[in-house]
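Visitor: Please take one buried position in this model and walk me through its surroundings with some care.

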Amino acid sequence: MPDRWSTYAFDFRGGLISDLSPLQQGIKLPGSARVLRNFEPSIEGGYTRIAGYEKYDSAFVPLYGEPKVHGGSQTGSSLVVGNLFQAPADGSTFTIAGVTGTYTVATGGVSYNSANKRATLILTTSLASSPADKAAITFTNRTELIDGIASWNSNVLAVRNSNIYKSNGSGWTRINVPSYGTVLVNGGSQTGGSLIVDGLTGIPQEGDTFTVAGIDLIYTVLTTATVTGGGATLSISPNLASSPADNAVVTWLTANRTATTKNRFAKYRIGVTEKIAGVDGTNYPFIYDGTTYTQLNNAPSDVLGAEHIVFFKNQMFLAKGDKLTFTSPYTDDDFNSANGSGIISIGSKITGIVSFRDQLIIFAEEKIDRLTGNTIADFVLQPITRNMGCVDTDTIQEVGGDLMFLGPDGLRLLSATDRIGDFNLAVVSKSIQKEVTDVISANSSFSSVVIKKKSQYRLLGYKSTVSATSATGILGTQLAGTEGTYFGWGELRGIKAYVADSDYNLKTETVVFSNEDGYAYKMESGNSFDGSSIQATFATPFVPAGDPRVRKAFYKLVLYVEPTGSVDVDVNLKLDFDEIGVIQPNTITLSNLTGVAYFYGSSTATYGTSAYGAKLKKVYQTQVIGAGFTASLQFDSISVDPPFTLDAATLEFSTFDRR
């Protein structure tokens with residue numbers, strides 16, 4: 001016969017654990033999780049359903065830059081297009097300013113000249129009318145990778161098909177426009193394939209495009225110019241359509257950049273000017289100050305195709321292969337060795353560089369070094385370890401004063417110890433080794449972000465053949481425990497990120513990511529995955545609630561929740577390790593949907609209709625039916641409700657006589 005009732009309390013804390021046997025976890029860590037998917041360990045205690053994401057800008061990042069009609073009076077089913085830095089795919093669709101209709105590129109209908117940045121497109125239908133010379137062409141297809149994204153200075157920068165754009169949430173503006181000064185035609189009556197200009201403050205590069213006031217067509221620089229006293233003779237294609245007037249304005253359209261790999265960025269300040277610089281593994285680095293775009297074409301060849309970048313000790317450091325190239329002090333573009341710039345070889349391919357506690361940490365696949373000092377006069381390269389390194393640069397992030405990165409055996413934390421120059425390199429993901437291994441094996445590329453307000457690190461996996469719904473990742477929240485800080489882990493599902501970044505500006509944290517669908521997304525925003533429900537699961541360990549060999553009858557569940565709005569969650573009491581043949585109780589739904597409260601400033605509230613300040617239900621009591629030796633609580637939520645925190649629970653039960 002059952003004895004009197006007893007109460008077993010769960011205090012939800014500790015995060016996902018998968019390196020203990022089921023019974024050990026239930027005995028030692030009953031408040032931890034055996035499943036924690038799209039729930040995050042909260043710095044305030046409990047497990048919180050993660051926030052959603054939504055489009056940062058409702059417009060997608062343009063696929064092919066700003067192509068224009070190359071020559072007026074075109075008719076029929078072919079169209080010559082200029083200022084085009086990549087061949088459009090067959091089947092691409094576009095509109096033309098001033099011309100009715102949407103047009104489709106026929107199969108095999110692209111003839112592209114990469115030197116001239118022009119293409120002849122064969123269309124599936126004839127033009128409705130002749131477009132004007134230089135009329136804007138807008139491609140409507142959007143599926144292709146975004147190669148880089150950065151949250152910076154109240155804007156987001158995105159790189160796609162070698163073009164760089166910025167947005168404040170209201171449309172994308174291309175920024176890779178050359179800044180060569182006020183450039184004018186130097187002398188009238190010019191003809192042919194060259195153009196004499198003056199007023200240059202920079203050096204036009206091979207592949208740059210421009211127009212000339214008063215004459216037709218778009219022109220491409222064929223060879224990098226030689227500038228003397230601000231003047232140059234540009235070799236161009238095509239030949240001048242007509243003779244420009246003396247002092248006609250030359251308008252630069254696009255700085256030449258060839259196809260890129262992943263882009264990486266450095267955010268910094270020189271004097272009072274905020275800047276961002278980027279590298280892409282193919283082109284020369286660029287610098288942007290919010291107004292002016294500058295490509296470092298005068299940098300040494302060791303910088304061409306740099307893959308990593310950081311601003312350290314008031315100098316720009318760029319990594320390519322096994323070499324670090326740095327500018328002279330207090331500059332980001334001076335590579336003159338006489339002024340203090342230089343090159344350091346570390347002997348191994350560099351996989352990442354990051355400024356950390358007054359030193360530059362240099363990661364390779366099999367080792368980690370550090371650079372100390374202030375200038376070339378006292379820079380010292382010292383080893384941290386020769387036994388392991390970082391396998392993916394885009395996983396390196398500073399979290400709570402330490403560096404997290406993906407090593408060959410899991411996520412590691414590089415932290416300085418009390419001894420000067422000494423470091424700890426502990427593997428911090430041992431408790432979820434299986435999940436980390438699964439994420440690594442399931443993805444071909446990784447990105448990562450830090451959410452500072454949550455002391456949280458997120459590792460985001462990407463594979464082109466995996467849908468957004470099935471995309472995987474890992475999150476870790478830095479928590480305080482009785483023995484110091486530790487990471488509470490959880491799994492992510494539904495965030496497909498090829499590139500990601502976060503930034504804290506004007507007391508606002510912005511976390512963004514992108515993949516191949518053309519949009520930039522803002523994480524930690526909204527209550528859905530861009531309109532789709534968030535699927536979240538948390539399951540406690542199987543707890544014996546006392547003697548694991550004494551059978552219990554369970555009667556009542558009390559759940560303690562911290563809601564921020566509607567809550568709708570299914571609860572299942574899982575018995576005896578959910579083994580085959582064990583009869584499991586029916587699903588219980590807990591909800592406060594009938595009593596939704598709104599908070600001041602809520603975007604979903606309606607003035608005069610919504611109720612502000614209403615009390616939200618925090619304690620849920622329900623009857624349960626079931627008997628077994630061990631029990632686990634499993635919570636499932638599929639909704640677009642606001643995040644809520646599962647704080648604690650109690651199970652009331654009685655025990656049977658031992659048999």
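Guide: Leu 646 and its surroundings

Leu 646 is found in strand β51, which spans residues 644-655, strands being DSSP runs of E with at least two residues, numbered from the N terminus. This is a predicted model, in which local features need pLDDT of at least 70 and side-chain atom pairs count only at pLDDT 80 or more, while totals for chains, interfaces and linings use all residues. Residues are numbered from 1 along each chain as its sequence is written, and side-chain values use heavy atoms, with hydrogens and water left out.

Leu 646 counts as buried because its relative accessibility is 0%, where buried means under 20% relative accessible area, with a 1.4 Å probe and protein chains only. Leaving aside neighbours within four places in sequence, Leu 646 is in contact with residues including Phe 12, Gly 46, Phe 538, Leu 559 and Phe 635, contact meaning heavy atoms within 4.5 Å. Gly 46 lies 600 residues from Leu 646 in sequence, yet their C-alpha atoms are 5.5 Å apart.

Leu 646 is also among the residues with the most contacts inside the largest nonpolar core, which has 48 residues; such a core is a set of buried Ala, Val, Leu, Ile, Met, Phe, Trp, Tyr and Cys residues joined through side-chain atoms within 4.5 Å. Strand β51 gives the most to this core, with five residues. Apart from this core lies another, of 20 residues, among them Leu 217, Tyr 219, Leu 240 and Ala 248. Leu 559, for its part, touches Phe 12, Phe 635 and Leu 646, and its other partners include Leu 590, Lys 618 and Ala 648, not counting residues up to four places away in sequence.

Technical notes. Helix = DSSP H or I, 4+ residues; strand = E, 2+ residues; numbered from the N terminus. Buried < 20%, exposed > 50% of the residue type's maximum accessible area, 1.4 Å probe, protein only.
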